[in-house]
Amino acid sequence: MKSVRTDVAIIGAGPAGLLLGHLLHQAGIDTVVLERRSREYVEQRLRAGVIEHGIANFLEESGVAKRLRAEGLVHHGIEFRLEGRSHRIALSDLYEGKAITVYGQSELVKDLIATRLAYDAPLFFETEVERLEGLTSQECTVHANGTGVPIVVTADYVIGSDGGHGVAVRSVPEGTFNRAERVYPFSWLGILAEAPPVSDELIYCRHDRGFALYSMRSPTLSRLYLGVSPDESLENWNDERIWRELTLRLATDEMPDLPQGPITERSLTAMRSVVVSPMRYGRLFLAGDAAHIVPPTGAKGMNLALADVRVLAPALIAKFLNSDETRLDAYSATCLERVWRAEEFSTFMTQMLHPHPSDEFENGVQRARARQVVSVESATRTLARNYVNLSSL
Ligand code: APR
Ligand code: PHB
């Protein structure tokens, strides 16, 4: 058995846990990060990659945005494609010149892992946290299992940055957390394809056949999604069917075909919203997906996770350096105000862009809402502001 003592034990090496570990390390606070997956797995995991203006600045201030600034794709607009017609939303013109950066979450995770390993701070991969103890006493204990070797970490605080369905939320007495949840009747079938992007900007498409999204990772890699029924299975979707359906939904008179290429990854993701509150129990603080999940239509998941860290890191630093707990006490309420704004925006985007196969009333309302967003300036402006910078408003 291995025993470790630290100031803050962090569960999960996703963007939230890794960035928090980095900021605490810079302030001289000891951390241990425990991750149940391998380094290869977390560095390859395919996730959304849109970073808001204020979050990109926060990453830069944190000293981890060198590659993001060099390689990230800065986008000044997005497109809404409604029933075969294109409508550009000029994000930067509509919102103070600010832009989004398209940079894969896996790239950010690689940067954060490399940063942590460079200063040799403890980061245990393939180490699954199984149990937490003492969350309301002077010292917490984290029991983990590192491929057969039990690891016990004692710490002043524990951070549950362990993603959805994580062990942290399950480790508190029944009834401690409220869980507000909504399940949407859609999934996203996502692909990564070796095909040059057709557009310099993301395309959010509402078509009566279903939702589609055109995104990209580099000048040679396209990332595309189809809204499908939640009981779909990947076996029903061969490459030919995927490209045919994407083309049917995304085609316009000017762009009747999509550039196709080998599909190198495919996945199905169910869509749901979850908010766990409060985001604290005693010495346990929740951050990122552990506390809140948004449907991916608004591209807010990673931004929210990093915005939690922007509140939690200085709060922990104030406690360790100045014995000041006021910011820790305000953590949950501060974050939840933003989280609910993001839930509202993500649900708005989802409900506007995913037609229901058998609800003509809902579909009529959706079409009207989408047309309003592209044609009424105040509505377009609100969307631009939320899309570009919701987590920093
Ligand atoms: N022990 C150790 N590690 C764990 C455990 C456990 N019991 N349970 C989960 N983990 C790890 C997961 O393997 C994962 O690597 O916690 C990590 C959580 O990371 P993320 O899921 O990336 O969550 P977060 O850092 O909050 O980032 C949120 O992820 O889902 C997307 O859209 C979301 O982009 C957002 C981001
Ligand atoms: C992505 O590039 O993977 C992406 C972009 C925007 C979204 C969701 C995913 O809303």
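A polar contact is a pair of N or O atoms within 3.5 Å. This criterion is applied below to a predicted model and its two bound ligands, before the aromatic pairs of the protein are described.

In the surroundings of ligand 1, a polar side-chain atom of Q105 lies 2.4 Å from an oxygen atom of the ligand, and the distance therefore falls within the 3.5 Å limit. The side chain of E35 also places a polar atom 2.6 Å from an oxygen atom of ligand 1. The backbone takes part as well, through P15, of which an N or O atom is found 3.3 Å from an oxygen atom of ligand 1. Ligand 1 would expose 720 Å² if taken alone, and 92% of that area is buried by the protein.

The shell around ligand 1 comprises 26 residues, with E35, R45, R47, Q105 and D289 the closest. Three elements, α1 (15-26), β10 (127-133) and α9 (301-322), each provide at least two residues of this shell. In terms of residue class, ten members of the shell around ligand 1 are nonpolar, eight are polar and eight are charged.

Ligand 2 is surrounded by 14 residues, of which Y204, S215, R217, Y225 and P296 come nearest. The side chain of R217 contributes an N or O atom that is 2.8 Å from an oxygen atom of ligand 2. Backbone atoms are also involved: an N or O atom of the P296 backbone lies 2.8 Å from an oxygen atom of ligand 2, and a polar backbone atom of T297 is 3.4 Å from an oxygen atom of the ligand. Of the 270 Å² that ligand 2 exposes when taken alone, the protein buries 100%.

Two or more residues of the shell around ligand 2 are given by β16 (210-218) and by β17 (221-228). The most is given by β16, with three residues. Nine residues of the shell around ligand 2 are nonpolar, three are polar and two are charged. Ligand 2 lies between two domains, because both domain 1 (2-75 + 99-181 + 272-348) and domain 2 (185-271 + 357-392) give residues to its shell.

Aromatic pairs were then examined. A pair of aromatic rings is described by the distance of the centres and the angle of the planes. Seven aromatic pairs are found in a search of the whole structure. One of them is formed by Y157 and F320, an edge-to-face pair with 5.9 Å from centre to centre and 75° between the planes. This pair links distant parts of the chain, as Y157 belongs to strand β13 (residues 157-160) and F320 to helix α9, 163 residues apart. Y157 has a relative accessible area of 3% and is buried, whereas F320 is partly exposed at 24% relative accessibility.

The pair of W188 and F211 is stacked, because the ring centres are 5.0 Å apart and the planes stand at 15°; planes under 30 degrees apart count as stacked. Here too, distant parts of the chain are linked, with W188 in strand β14 (residues 178-193) and F211 in strand β16, 23 residues apart. W188 and F211 are both buried.

Ring pairs further join Y157, F285, F320 and Y331 into a cluster. Helix α9, which holds F320 of this cluster, is also one of the elements that supply at least two residues to the shell around ligand 1. Strand β16, which holds F211, gives three residues to the shell around ligand 2.

Definitions and conventions
Residues are numbered from 1 along each chain as its sequence is written. Chains are lettered from A and ligands numbered from 1 in the order in which they are written. This is a predicted model: local features need pLDDT of at least 70, side-chain atom pairs count only at pLDDT 80 or more; totals for chains, interfaces and linings use all residues. Side-chain values use heavy atoms; hydrogens and water are left out. A residue is near a molecule or strand if one of its heavy atoms lies within 4 Å of it. A polar contact is a pair of N or O atoms within 3.5 Å; within protein, one must be able to donate a hydrogen and the other to accept it, and residues adjacent in sequence count only if both atoms are side-chain atoms. Accessible areas come from the Shrake-Rupley method with a 1.4 Å probe; for residues, only the protein chains shown count as cover. Helices (H or I, at least four residues) and strands (E, at least two) are DSSP runs, numbered from the N terminus. Ala, Val, Leu, Ile, Met, Phe, Trp, Tyr, Cys and Pro count as nonpolar, Asp, Glu, Lys and Arg as charged, and the others, Gly among them, as polar. Domain bounds come from an automatic or database domain assignment. Rings of Phe, Tyr and Trp (its six-membered ring) pair if their centres lie within 6.5 Å; planes under 30 degrees apart count as stacked, over 60 as edge-to-face and the rest as tilted. Buried means under 20% relative accessible area, exposed over 50%, partly exposed in between (1.4 Å probe, protein chains only).
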